[in-house]
Amino acid sequence: MMNMFRRQNPPTLRRQAPAAQRPEVQLKSPREIQIMREAGRIVARVHAALREAIRPGVSTLDLDQLAVETMSKYNATSCFLGYRGFPANICTSINEELVHGIPKKDRILKAGDIISIDVGVRYRGFIGDSAWTYAVGEITPEALELMRVTEQSLYDGIAQAQVGKRVVDISRAVQRTVEAHKMHVVREYTGHGVGRQMHEAPQVLNYESQDPDGQTILRPGLVVAIEPMVQLGTWQTRTLRDKWTVISKDHSLTAHFEHTVAITNNGPEILTLP
Ligand code: MG
Ligand code: MG
C-alpha cells in the first residue's frame, strides 16, 4: 500500500513534524537486507501470478485470493490486511482509481481496463512493497503511454538512488519524466522508507519540494519504496465514500508503479524485481 498513505499520516504526511520529532532513518544491516531481498522476491512472485491471471471476467476478489494463496505458499502474509482497518490483502485500483481500491466479488475486469495492484508482504519481520499497473486485454494508446511513462519515471527515480545523493534527486527525476510527457504526478501520496515497518522515514516525494526529508542523504543500508503515481488530467485526487479508494479528481486515467530499492555501494538494488 499503501504506499503512500495519506500524507497527513506519518510517514507519508504532508505537514512535517518539527525536526526533533521526525522519525529517524533506520539503516539496515546486510543480514536484514538479505531478509528484505527474500521478502521482495515473494512480492515479485505474487505479481507474476497476478499478471498471469489478469483477464476480462476475473473479479478483483479473485485476484486478492490468488495473492494471499501465493503469499502463504512462501510463508509470507499481507501487510495491508488490517492496516488502519484496510479490509483486504492487496489493493486493486481500476482506471481512474489511483490507489487503495478494495477487492470485491462483483468488481469484474473488462477489456480496455487498466488495473493498478499494490502488493505488500511481511516475511520474517520485514516488508516488501511493490505496485504495478496492468492492461486488461487491449487498451487505448493513451492508457499504454500513461503506463509506459509511469514505469519509465520509476526507473529514472531508481537510477538516482545512489550513495551520496539525496532523496530529492529521486523526486526530481520522477517529476521530470512525467511532466516531460505532459502528465501529472500526484502530490498527496508518496513513497517512503521501508523495513520492519511498511512506512518508515524518509518520505520519498514524487516531485521536487522543500520537504526536509528530501535532504536525507542516501547511505548504504537505506531501503526505500519509490512509487510514482501519475494521472493524465490533473495531479489532484479525491477519496471515495468507502474511505479508501483514491481516484483522480477529474476521473482521468491513473497509473502506479513501485519497487522496494536498497541503496548499496554498488548502486541501487531493486529488491522486488522478478
Ligand atoms: Mg505499495
Ligand atoms: Mg509503498
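His100 sits in the loop that links strand S3 (97–99) to strand S4 (114–123). This is a predicted model, and in it His100 has a positive phi of about 65 degrees, although it is not a glycine. Most residues other than glycine have a negative phi. His100 is also buried, with a relative accessible area of 3%. Buried here means under 20%.

Asn75 makes a useful partner to look at next. Asn75 too is not a glycine, yet it has a positive phi of about 60 degrees. Its place is the loop between helix H2 (60–73) and strand S1 (77–78). Asn75 counts as exposed because its relative accessibility is 66%, and the cut-off for exposed is over 50%. So one of these backbone turns is buried, at His100, and the other is exposed, at Asn75.

A further backbone feature lies at Pro202. Most peptide bonds are trans. The bond from Ala201 to Pro202 is cis, with omega near -5 degrees. Pro202 belongs to strand S8 (residues 200–204).

Now turn to the interior. In soluble globular proteins, nonpolar side chains tend to be buried together. The largest nonpolar core in this model has 71 residues. Within it, Leu63, Ile115, Ile117 and Val119 touch the most other members. Helix H1 (residues 30–53) gives the most to this core, with 9 residues. Apart from this core lies another, of 6 residues. Leu98, Val99, Val186 and Met229 are among them.

Val119 deserves a closer look. Leaving aside residues up to four places away in sequence, Val119 touches Val43, Val46, His47 and Leu50, among others. The list of contacts also includes Met71, Phe80 and Ile90. Gly128, Asp129 and Ser130 are on it as well.

Two of those contacts of Val119, His47 and Ser130, turn up again in the lining of the second largest pocket. This pocket has a volume of about 160 Å³. Which element gives the most to its lining? H1 does, with 4 residues. H1 and strand S5 (126–135) each supply at least two lining residues. The lining includes Ala44, His47, Ala48 and Arg51. Ser130, Trp132 and Tyr134 also line the pocket. Tyr155, His259, Thr272, Leu273 and Pro274 are lining residues too. By class, the lining divides into 7 nonpolar, 4 polar and 1 charged.

There is enclosed space as well. The structure holds 2 cavities of 30 Å³ or more. About 40 Å³ of space lies in the largest cavity. Helix H4 (residues 167–180) provides the largest share of its lining, 3 residues. Val167, Val168 and Ser171 are among the residues that line this cavity. Gln203, Leu205, Tyr207, Ser209, Asp211 and Gly214 line it too. The lining has 4 nonpolar, 4 polar and 1 charged residues.

Finish at a hairpin. Strand S14 (residues 259–264) and strand S15 (residues 267–270) run antiparallel, joined by 4 bridges. The hairpin that S14 and S15 form has 2 residues between the strands. Ala262 stands opposite Glu269 in S15. In a regular strand the side chains alternate between the two faces of the sheet. His259, a residue of the second largest pocket's lining, brings the path back to that pocket, since S14 covers residues 259–264.

Technical notes. Residues numbered from 1 in each chain as written. Chains lettered and ligands numbered in written order. Predicted model: local features only at pLDDT ≥ 70, side-chain atom pairs only at ≥ 80, totals over all residues. Heavy atoms only, no water. Core = buried A, V, L, I, M, F, W, Y, C linked by side-chain atoms within 4.5 Å. Buried < 20%, exposed > 50% of the residue type's maximum accessible area, 1.4 Å probe, protein only. Contact = heavy atoms within 4.5 Å. Pairing = 2+ DSSP bridges. 1 Å grid on protein atoms, 1.4 Å probe; cavity = no way out; pocket = protein on both sides within 12 Å on 5 of 7 lines; lining within 4 Å. Points joined across faces, edges and corners; volume = space filled by probe spheres on them. Nonpolar A, V, L, I, M, F, W, Y, C, P; charged D, E, K, R; others polar.
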